[in-house]
Structure formats: structure tokens, C-alpha cells
Amino acid sequence: MKKVAVVFKSKYGSTEKYAKWIAEDTCAEIFKVSEIKADKLEEFDTIVYCGGLYAGGILGFSFIKNNYYKFYDKKLIVVAVGATLKKDEAIEEIKEQNLTDEMKGNVQIFLLRGGLNYKKMNFIDRLLMFLLIKSVKLKKAEELDDDTKGMIATYGQVVDFTNRNTIAPIINDINN
Ligand SMILES: Cc1cc2nc3c(=O)[nH]c(=O)nc-3n(C[C@H](O)[C@H](O)[C@H](O)COP(=O)(O)O)c2cc1C
């Protein structure tokens, strides 16, 4: 049986929830990125990296990038967790912003929906969201995409779009 490691970094818990579900369904070992050394991952066949999306960047992904030369012969799956409703278009943007050219042909990327929790949000994130909402509110309603409309509608609230069923394609990919 293939050995699977799930490595994650989460700020407010959505990515952690998905990482735990994926690990449960694949009998994988699970690690916080801050608690694992790259050398430890050499004993695994498949590495699943899960990170929250912040301004298009995958949280903690420098760990994978910096150590990619140790993982290039393994199956590497990246799970980005964001608030966006976009699918293929967002995945292309995530690839462009986060993956090196070498990684692009080799790494499978999945995008899952997390949430927004203004109750837990730190000062900087709250401020960034405030400034973002302020700037998009200056636009005409017809110029706003669905993500922006959703952000305005849920501003200041706790919204959770996590859904265990959405990990099915990832579990399938890990097992094949
Ligand atoms: C400052 C900030 C920036 C964000 N940027 C993005 C983004 O670029 N794309 C996206 O889809 N979601 C974005 N989000 C939403 C988060 O990705 C979402 O809350 C996700 O569930 C976070 O995962 P975590 O709880 O594991 O940290 C952003 C949230 C904050 C607070």
C-alpha cells in the first residue's frame, strides 16, 4: 500500500478541516508544515499539500517549493482552500502565481471552498478585507463578479462553505 503524507498550513481552520478529512479517508499521516522536516517526507510515496489561499498565494507553499528537488519523484498533490467560487480560471491563476515551470507539468492542483470568519480574523487580515470592500464598493454593481458580490454580502460575518463531499476527486486521485 502506498504511503501518503498530508501536510497543511491553515490560518483559521478551513484548510485544517479538509486536511484531516483527506488524511482520514486515505489512512495518511498528517503534519502541520511547521512541525515537519522535508527529509521525513522522503519515506512517503504521495505528498498532499493543503494550504489556505491568501491574495492568490498558497499559505506555507514555500516549504514545497524550496524542497521540491527532494519530492520530484513522488506524487505531489496540492490542495488550495479559498473563498472563491471560480474553478478552472482560479486554478490557472493559482498555478501561475505559485508553481515553478518545472512543477507545472508534475503537480495536480485542486481548489476547495473554505470560508471567512471575521470573528477569528487577525487585525491585518481584517484591515485588508476592510480596504478591499471599501475599494470594490466604489465600483458599479454591474462591474462586480460573483466573488466580490459574495464578499460584500458576507462582510463581517462568519461563513463556512467547507463540505466533506468535495474531497472525493482528491481521494480518487490519491488512490489512483
Ligand atoms: C486577507 C485575506 C485574503 C484572502 N485572499 C483570498 C484569495 O486570494 N483567494 C481566495 O479564494 N480566498 C481568499 N481568502 C479567503 C481564504 O482563503 C479563506 O478564508 C480560507 O478558508 C482560508 O483558509 P484557512 O481558514 O485554512 O486559513 C482570503 C482571506 C483573507 C482574510
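**Briefing: a helix crossing, a ligand shell and two domains**

Helix 1 and helix 8 cross in a right-handed sense. That is a good place to start in this predicted model, and from there we can move on to the ligand and the domains around it. The chain is assigned two domains, domain 1 (4–114 + 161–175) and domain 2 (116–160). Both domains give residues to the shell around the ligand, so the ligand lies between them.

**Helix 1 and helix 8**

- Helix 1 covers residues 14–26 and helix 8 covers residues 168–175; their axes come within 10 Å and cross at roughly 45°.
- Angles from 65 to 115 degrees would count as roughly perpendicular and those under 35 as roughly parallel; helix 1 and helix 8 are therefore oblique to each other.
- On the helix 1 side, the contact is made by Ile-22, Asp-25 and Thr-26, and these meet Ile-170, Ile-171 and Ile-174 of helix 8.
- Sorted by class, this contact of helix 1 with helix 8 holds four nonpolar residues, one polar residue and one charged residue.

**Around the ligand**

- If you would like to look at the ligand first, there are 22 residues around it, and Ser-10, Thr-15, Gly-52, Gly-82 and Gly-114 come nearest.
- Several elements each supply at least two residues of this shell: helix 1, strand 3 (46–54), strand 5 (75–82), strand 7 (115–117) and helix 6 (123–136).
- By class, the shell around the ligand has ten nonpolar, ten polar and two charged residues.

**How the two domains meet**

- Domain 1 is made of two stretches, 4–114 and 161–175, while domain 2 is 116–160.
- Taken over C-alpha atoms, the centres of domain 1 and domain 2 are separated by 25 Å.
- Where the domains touch, seven residues of domain 1 are in contact with eight residues of domain 2.
- The side of domain 1 that touches domain 2 has four nonpolar residues, two polar residues and one charged residue.

Conventions. Residues numbered from 1 in each chain as written. Predicted model: local features only at pLDDT ≥ 70, side-chain atom pairs only at ≥ 80, totals over all residues. Axes fitted to C-alpha atoms, helices over the stretch in contact; angles between N-to-C directions. Helix = DSSP H or I, 4+ residues; strand = E, 2+ residues; numbered from the N terminus. Parallel < 35°, antiparallel > 145°, perpendicular 65-115°, else oblique. Left-handed = near helix turned anticlockwise from the far one by under 90°. Contact = placed C-beta atoms within 7 Å. Nonpolar A, V, L, I, M, F, W, Y, C, P; charged D, E, K, R; others polar. Near = placed C-beta within 6 Å. Domains from an automatic or database assignment.
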